[in-house]
Amino acid sequence: MTLNDYEFWFIVGSQYLYGPEVLETVAARAQEMTDKLNASGNLPCKVVYKVTAKTNAEITDTIRDANHDTKCAGIITWCHTFSPSKMWINGLANLQKSWCHFATQYNREIPNDEIDMDFMNLNQAAHGDREHGFIGARLRAPRKVIAGYWQDSDVQKRLGRWMRAAAGAAFSRELKVMRFGDNMREVAVTEGDKVEVQIKLGWQVNTWPVGELACMIDAVSDSEVNALMKEYESLYDMATDNIEAVRYQAREEIAMRKMLDREGCRAFSNTFQDLYGMKQLPGIATQHMLASGYGYGAEGDWKVAAMTAIIKFMTEGQKGGSAFMEDYTYHLVPGSEYSLGAHMLEVCPSVAAGKPRIEVHPLGIGGKEDPARLVFEGREGKAVVVSLVDMGGRLRLICQDIQCVKPIMPMPNLPVARVMWQAMPNLKTGLECWILAGGAHHTVLSYDVDAEQMRDWARMMDIEFVHISKDTTAESLERDLLLADIAWKLK
Ligand code: MN
């Protein structure tokens, strides 16, 4: 399934009180709204109008069907008229898909001359949406509320961003991650409870032998390598004479793709400490796979591998880019304070400002041959870094707003892709907050998702969410973390 294959079901609340004419009008308008929303170009997925619901049975049946429909990633509800909410309880209590309560109204304006009690009976979203909101609150149901006029493009775009998060939740529940080798020895933050993530997030995280991958690499044919080398040459500048090293990367990519695709895996992790039978740590091989939508995490970090895959799926069709990233080093000059992010090889070229160069350099760790990799600068722009950590008994998703800049120096001897940014609210406070929250050195850096979407996704998955923004202080964050700790223990 791609992002665009997912559908969202539009369920409109009403009741029999108003007579058939009102119900016909509501149904016709719901279809009209659906058609216009679909034609707006602001939604990544299709809205399907399902029902103007008048009874408990209609709602329960529709939600049961939504639960079982693999193409349905969520429901959008709205009350054109008043819809008594006890009739929603049985359906909503069993809802397994994401839910958005769209608090809108068919008409934009109150018509001065036309308004009378008939008009009021037909157009009472302000009334109906409150009854509907209460039952969501009473059920403690995870839901998104989006308020505003349905024809306004900012409202439609917000609905579209929520749809992307909901499709990311659906994708998460099906995600399989292939591990080559274990966690890097002694590292804590990349560890985690694979049973807990499968219960909460749906991820199937399992291991396959590095030896099998090595055999698959050796079995790749020259013609397969030739075809992939053509692709590399069309996308990147060949800035090395060591073509054999690049060809070996192509072999690795072809073999890894075969194994992942055979098992239906959309993300993978590996580690430089377990490359038995392989000549190079995968560099371009991994980078080119990342660019086509696979998730990746180094040093056995399957959590960041899965998050990269999910964020790439959520942002399909967007042009900013999302990459596996690592915080490396700081520039602490007053007035010019930046973080430099990179990795030893595997940054995704979707975030490159220019055409990446293929280079071959020695790699001090891993004890293997010099690996070919893509070298480039990341682009300027607003972005986020996202980290999922295991707090023991619960998962915490941390999202920090950042401003990426053109790297302030060329760093000609740095042989890897690099991105430079200012953390929000500033480097020092942003760093203090990140450390207080326990955020990892591995992140997903994305120019395409925002914190609201990651918050939506975390709510759908029922995990803790921490946002470090321009308004965050270390004091406020510490208090929020303490309260969250208590709340999540009670949950
Ligand atoms: Mn790393």
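## Salt bridges and the manganese site

D61 forms a salt bridge with R64, in which the closest N and O atoms are 3.1 Å apart. The model is a predicted one, and in it D61 and R64 stand 3 residues apart in helix α2 (residues 56-68), so that about one helical turn separates them. D61 is partly exposed, with a relative accessible area of 36%, and R64 likewise counts as partly exposed, at 45% relative accessibility.

The count of salt bridges comes to 28, among them the three tabulated here.

| Pair | N to O distance |
|---|---|
| D61 and R64 | 3.1 Å |
| R179 and D182 | 2.8 Å |
| D485 and R394 | 2.9 Å |

The pair of D485 and R394 links distant parts of the chain, since D485 lies in helix α15 (residues 474-490) and R394 in the loop between β15 (381-390) and β16 (395-405), 91 residues apart. D485 is partly exposed, with a relative accessible area of 24%, whereas R394 counts as buried at 8% relative accessibility. Elsewhere, K144, R158, E452, D456 and R459 are joined into one network by salt bridges that share partners.

The manganese ion is coordinated by E299 (OE), E326 (OE), H343 (NE2) and H442 (NE2), at 2.0 to 2.2 Å. E299 lies in the loop between β10 (295-297) and α12 (302-314) and E326 in strand β11 (residues 322-333), so the pair ties together parts that are 27 residues apart in sequence. Both E299 and E326 are buried.

On the surface, I110, I115, M117 and M120 form a nonpolar patch with about 400 Å² of accessible area together; of these residues, M120 lies in helix α4 (residues 117-122) and counts as partly exposed at 40% relative accessibility.

Key
Residues are numbered from 1 along each chain as its sequence is written. This is a predicted model: local features need pLDDT of at least 70, side-chain atom pairs count only at pLDDT 80 or more; totals for chains, interfaces and linings use all residues. Side-chain values use heavy atoms; hydrogens and water are left out. Donors are N, O and S atoms within 2.8 Å of the metal (3.2 Å for Na, K and Ca); water is not among the atoms, so sites may look incomplete. Helices (H or I, at least four residues) and strands (E, at least two) are DSSP runs, numbered from the N terminus. Buried means under 20% relative accessible area, exposed over 50%, partly exposed in between (1.4 Å probe, protein chains only). Patches are made of residues with over 30% relative accessible area and no salt bridge: like charges are joined within 9 Å, nonpolar side chains (Val, Leu, Ile, Met, Phe, Trp, Tyr) within 5 Å. Accessible areas come from the Shrake-Rupley method with a 1.4 Å probe; for residues, only the protein chains shown count as cover. A salt bridge is a side-chain nitrogen of Lys or Arg within 4 Å of a carboxyl oxygen of Asp or Glu.
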